[in-house]
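Reader: I would like a close look at one part of this structure, followed outward to what lies around it. Please take it residue by residue where you can.

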Amino acid sequence: MAKTKRTYEEQTTDPAAQQMLIRADELGIGTAFSRADEMAPCNIGGAGMCCKICSMGPCRLTKEGQTGVCGATLDTIQARNFIRSIAGGAAAHSDHGRDMAFTLKAVANGEAEGYIIRDVAKLRTVAKENGIAIEGRSPTEIADELADLYIAQFGQQRGRIVVTKRAPEKRQKLWEERNVMPRGIDREVVEALHRTHVGDDQDPEHILVHAIRTALSDGWGGSLIATDVSDILFGTPAPVLGQANLGVLKDDMVNVVVHGHEPTLSEMIVAASQDPEIIEYARQAGAQGINLSGICCTANEILMRQGIPAAGNFLHQELAILTGAVEAMIVDVQCIMQALVNLSSNFHTKIITTSPKVRLKGATHIQFDEHKALTIAKEILKVAIDNYQNRGQTHIPQIREDLVPGFSHEYINYMLGGSYRASFRPLNDAIMSGRIRGVAAIVGCNNPRSKQDFLHTYVTEELLKQDVLVVETGCGAIASAKVGLLLGEAGLDKVGPGLREICETVGIPPVLHMGSCVDNTRILTVLTQMVEEGGLGDDIDQVPAVGLAPEWMSEKALSIGTYCVASGAYVIFGGSSPISGMPDRVADSDIVINYISEGWEKLYGGKMEFIPDPDEMIQKTLEHIDKKRVALGLPEYDPARFGRSGDRRMLELEQMPVEEQRQALYGVAAD
Ligand code: SF4
Ligand code: MSK
């Protein structure tokens, strides 16, 4: 059944996106927005009620008590579907981590053209944490041993993934007691697939125990390794000025958009685009130079470290091509729509696939190889430059917003205490005093079934008003960037009085951009360091913090949500639930829904819920934060106690007559 076509304003809150959707309609070209309108989601599969694991099925369970041909119940089918999604997400993140570890190995052995170890300090810190000797050894020696250790984590069969030791001690003990400590990254993903093969694990709760183990192998395994190695090779992010939205594309330059996830190629494209030979090549083609920008998490990787602008988030990939101004879109892995190839046939844009794992029929394939990365990056850029002459009419929306990304956990630690007293103490103190009510991590994708960016920005802005400090990653961070929330003072008028004081004192925006989807591990690290700092309990589940993925769509989001729950966080997903089951089912009988909320909360202190209504998301977030404050014995949140210092107070004082100023400042009347 076809759905009704939404208006442009119903499809997206972003005016740049609205302009491009109008353009798409003028040209008669479909996008994910229009396809979502035309394609009603399957209400059986969407609710997790369809099993197609074997060819006795597919079995669609639509009546209470019904089972599949093999006798599988609805709960078993839902649990199996759910863990398979988590395994898919964990595999994607972790395979990214594996490739990073192989690149580190190649760099250590002088076999990776163009790469260097940019952050030796992080290399030494990470090596030491992993028990690798650092004194008297060269960076390449240390990197070689670290790369071997990290590569071994993927195929490890017994014991525990080494980086799980970075979790709070109490949490590690809990994982041991509950028997969910991940043994090896690949092992947990393979076991998830084995357990869900026909005729295997059919106890829904038992399946979901392994869901926790599988997700932990991602968050405290593959993703953490990916973030570590990216920082070592390309630098640990620190604040830098950037821009976001389609207006970053330029009419007089060769526009190259990098899209996907891995920073290995995109970092080399950045280097190649600054090469005088390539700049001259672009000039000879009649352009002013090369204008590089990113989409999705590749955007986040080069935005965080180099300030390279982001052309947009997930749903902007087609819209960028619709501008007619993109010479090449270079893609690697994850979140790349197959529709790009057909769409680009209406324009001159070349879609260039680069990963040995990802091909799109009709795209140009130039395989990336880290051993000759710079040469390949230049080759790709030359293809883009040669295409400049084929450009037709362009329609670039002149909409872009400045932002300051780059808040790695290392930088947050530094900014709060400086070089000599780097510490999370000021953040903990601000939460303990109630200036900051709590912390929300708002992460995840765009989904064309909901109004683009609306849930992200609405939830973010409402929580900021309530003095909740917001940290973001992935496409959610780009959504906030587009409305100015990642830019110091620009966002501060939307913030509660206590949080505003902190932002003004420390000099930070109210929303901290912490990176790409693999970098959600930075959030785990921040939470761990807050616990270790003291005053907010002795484990992550005691910190007044909530994770939200308002517009999620990918399997990776489910893996992230699950490892956050296993780490002790309350996680709220917006949009639709993949395990909602039958609409008229008695709530108590829904084993999977109950197990991942109340069940997981009893076992891990964290829980997962799917809440489509944004106001309910906000309400539940605040209730959870306040509940944790009470449990810690912290003062009740009271915004009236704050906002009497900082820039706002200075302005108030400036506008007062001198006598009143003296009274206000010193409590004494004028002479
Ligand atoms: Fe149907 Fe069972 Fe086969 Fe699933 S495993 S498709 S429920 S017969
Ligand atoms: S890119 S996984 S749409 S965040 Fe990481 Fe964005 Fe989600 Fe892809």
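Author: A residue is called buried when its relative accessible area is under 20%. The model is a predicted one. Take Asp-14, which sits in the loop between helix H1 (8-11) and helix H2 (15-27). Its relative accessibility is 3%, so Asp-14 counts as buried.

Two side-chain polar contacts involve Asp-14. One, of 3.1 Å, joins its side chain to that of Asn-245. The other, of 3.0 Å, joins the side chains of Asp-14 and His-316. Setting aside neighbours within four places in sequence, Asp-14 is in contact with Asn-245, His-316, Gln-452, Asp-453 and Lys-482.

Some of these contacts lead on to other elements. Helix H18 covers residues 454-465, and Asp-14 is in contact with Asp-453. Helix H18 lies across strand S11 (438-442), strand S12, strand S13 and strand S14 (545-549). Its direction is at about 145 degrees to that of S12.

Those strands belong to an open sheet of six strands, in the order S13-S12-S11-S14-S15-S16, with parallel pairing. At the edges are strand S13 (511-513) and strand S16 (607-610), each of which pairs on one side only. From one strand to the next, the twist averages 20 degrees. Strands in a sheet pair through backbone hydrogen bonds, in either a parallel or an antiparallel sense. Here, strand S12 (residues 468-472) pairs with S13 in the parallel sense over three bridges. Val-471 has Leu-512 in S13 as its bridge partner.

Lys-482, another contact of Asp-14, leads to ligand 2. Helix H19 (474-482) is one of the elements that give two or more residues to the shell around ligand 2, and helix H12 (296-306) is the other. The shell has 13 residues, the closest being His-261, Cys-335, Cys-445, Cys-475 and Cys-517. Sorted by class, eight residues of the shell are nonpolar, four are polar and one is charged.

Helix H12 is largely enclosed by the rest of the structure, because 10 of its 11 residues are buried. The buried residues in H12 are Cys-296, Cys-297, Thr-298, Ala-299, Asn-300, Glu-301, Ile-302, Leu-303, Met-304 and Arg-305. After H12 comes Gly-307, with a positive phi near 70 degrees.

Terms used:
Residues are numbered from 1 along each chain as its sequence is written. Chains are lettered from A and ligands numbered from 1 in the order in which they are written. This is a predicted model: local features need pLDDT of at least 70, side-chain atom pairs count only at pLDDT 80 or more; totals for chains, interfaces and linings use all residues. Side-chain values use heavy atoms; hydrogens and water are left out. Helices (H or I, at least four residues) and strands (E, at least two) are DSSP runs, numbered from the N terminus. Buried means under 20% relative accessible area, exposed over 50%, partly exposed in between (1.4 Å probe, protein chains only). A polar contact is a pair of N or O atoms within 3.5 Å; within protein, one must be able to donate a hydrogen and the other to accept it, and residues adjacent in sequence count only if both atoms are side-chain atoms. Contact means heavy atoms within 4.5 Å. Two strands pair if DSSP finds at least two bridges between them. Axes are lines fitted to C-alpha atoms, for helices over the stretch in contact, and angles run from 0 to 180 degrees between N-to-C directions. A residue is near a molecule or strand if one of its heavy atoms lies within 4 Å of it. Ala, Val, Leu, Ile, Met, Phe, Trp, Tyr, Cys and Pro count as nonpolar, Asp, Glu, Lys and Arg as charged, and the others, Gly among them, as polar.
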